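Dear colleague,

I am passing on the structure below, together with some notes that may help you find your way around it. Please read them with the coordinates open beside you.

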Amino acid sequence: MKALRLRQFGRLLLEDMPPPEPAPDEVLVKVLAAGICGTDLKLLHGHHGAYTEGGAELPITPGHEWGGVVVAVGEAVTRFAPGDLVTGETGLGCLRCEYCLTGRHNLCPSVVETGIFGRDGAMRELHLHPEVFTHSAAGLTAEQAALVEPASVAVHACRRGRVSLGDNVAVLGCGPIGLLAVQAARAFGARRVLATSRSRPKLDLASELGAGSVVKVTDEDLSAAAQDFTSGEGFDTVIECSGSPQALEQALEIARPGGTLALVGGYEGPLQHRLIDIVGKELDLAGCRGSPHVWPETIDLLRHGQIKVEPVISHRFALRDYEKAFELAERGGPDVLKILLLPQEV
Ligand SMILES: [Zn+2]
Ligand SMILES: [Zn+2]
């Protein structure tokens, strides 16, 4: 089978590999779609913390956002059979430690992250996944199944941000996660959702997907718009998806006293903020890592159309065209959202 391999940072290769065999507790999946994410670019360039600080080692096959059909199962597998459409979680915990046993396997000291560190991902024709971290995507398309992972990150951010009925929510940044967070916040009962971006097309999409107000941060004043939109109340929750430290500064400003900031961005710089704002307003800061224990709920939100993922997919490439796909992901731009690789079109 063909598989993308990262053997040295900066250089992905498409290689021929022997087809993998499922262990007793694993399913073997024919991958139909795999998304490219900002984390993959960090990984590609060797900037991911698991490698810079955590001692993780190459080679690895990337791909943590995927959908596909089961083609074989290990002998101990009971929940899946060949033909099932499935997707699977990224962070795989030991299921024995305190974190795993309290529903936070993203924080497990021995966590591996599929396609990021410790375990090969799905940018290959055939992918292996542990049954326990595999979920049925019945009723979805394979492309929708591949978007369950980023959607689950948005759902986890709403949980961590304690979004609830009647809330005012701001979503900063309208990449795929931001656009999914706008919809997740509505599904959680948010009354007003404001979204920000530098890109007009992305803001138009945010409006279509449920944002009641959009702010083009390059030419509009967010604080004034926030005041106006919330009738001076401020936001109960700000979900920061842009990864920009300046956006975080703005998040502190537009959050109402007692509000929560959910941080989803891949921040690389240090924090330089008026920390007294956090004290004075009793803000809660909620870091959001991955998406533990929200997968079946997220899949249901997709099934019922409460989170629409198709509008977030902007490009599709055969696996053999991975170089073009990654170049486009690096370049970004107003019309670039989720890029899918299609491994069966090698
Ligand atoms: Zn991702
Ligand atoms: Zn654990």
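Please keep in mind throughout that this is a predicted model. A convenient place to begin is the pairing of strand S12 (residues 192-197) with S13, where the two strands run parallel and are joined by four bridges. Within that pairing, Thr-196 has Val-215 as its bridge partner in S13. The connection between the two strands passes through helix H7 (residues 200-208), and S12, H7 and S13 together make a right-handed β-α-β unit. Strand S13 (residues 213-216) is covered on both of its faces, since Ser-213 and Val-215 on one side are buried, as are Val-214 and Lys-216 on the other.

Helix H6 is the next element I would look at. Nine of the twelve residues in H6 are buried, leaving the helix mostly covered, and among those buried residues are Pro-176, Gly-178, Leu-179, Leu-180 and Gln-183. The elements that cover them include helix H5 (148-160), strand S11 (168-172), S12, H7, strand S14 (235-240) and strand S18 (338-342). As for its length, the twelve residues of H6 (residues 176-187) should span 16 Å at 1.5 Å a residue, and the end C-alpha atoms are 17 Å apart, which agrees. Just after H6, Gly-189 takes a positive phi of about 105°.

The model also holds a zinc ion (ligand 1), for which the protein donors are Cys-37 through SG, His-64 through NE2 and Glu-65 through OE, at 2.1 to 2.4 Å from the ion. Along the chain these donors follow the spacing C-x26-H-E. Cys-37 and His-64 thus link distant parts of the chain, 27 residues apart, with Cys-37 in the loop between strand S3 (26-36) and helix H1 (38-44) and His-64 in the loop between helix H2 (49-52) and strand S4 (66-73). Both Cys-37 and His-64 are buried.

Finally, the count of aromatic pairs comes to one. Phe-9 and Tyr-51 form this pair, which is edge-to-face, with 5.5 Å from centre to centre and 85° between the planes. The pair links distant parts of the chain, 42 residues apart, as Phe-9 lies in the loop between strand S1 (2-8) and strand S2 (11-16), whereas Tyr-51 belongs to helix H2. Are the two partners buried or exposed? Tyr-51 counts as buried because its relative accessibility is 12%, and the cut-off for buried is under 20%, whereas Phe-9 has a relative accessible area of 37% and is therefore partly exposed.

With best wishes

Methods:
Residues numbered from 1 in each chain as written. Chains lettered and ligands numbered in written order. Predicted model: local features only at pLDDT ≥ 70, side-chain atom pairs only at ≥ 80, totals over all residues. Heavy atoms only, no water. Buried < 20%, exposed > 50% of the residue type's maximum accessible area, 1.4 Å probe, protein only. Pairing = 2+ DSSP bridges. Right-handed = clockwise from strand over helix to strand, strands pointing away. Donors = N, O, S within 2.8 Å, 3.2 Å for Na, K, Ca; no water. Phe/Tyr/Trp six-rings, centres within 6.5 Å; stacked < 30°, edge-to-face > 60°. Expected span 1.5 Å × (residues − 1). Contact = heavy atoms within 4.5 Å.
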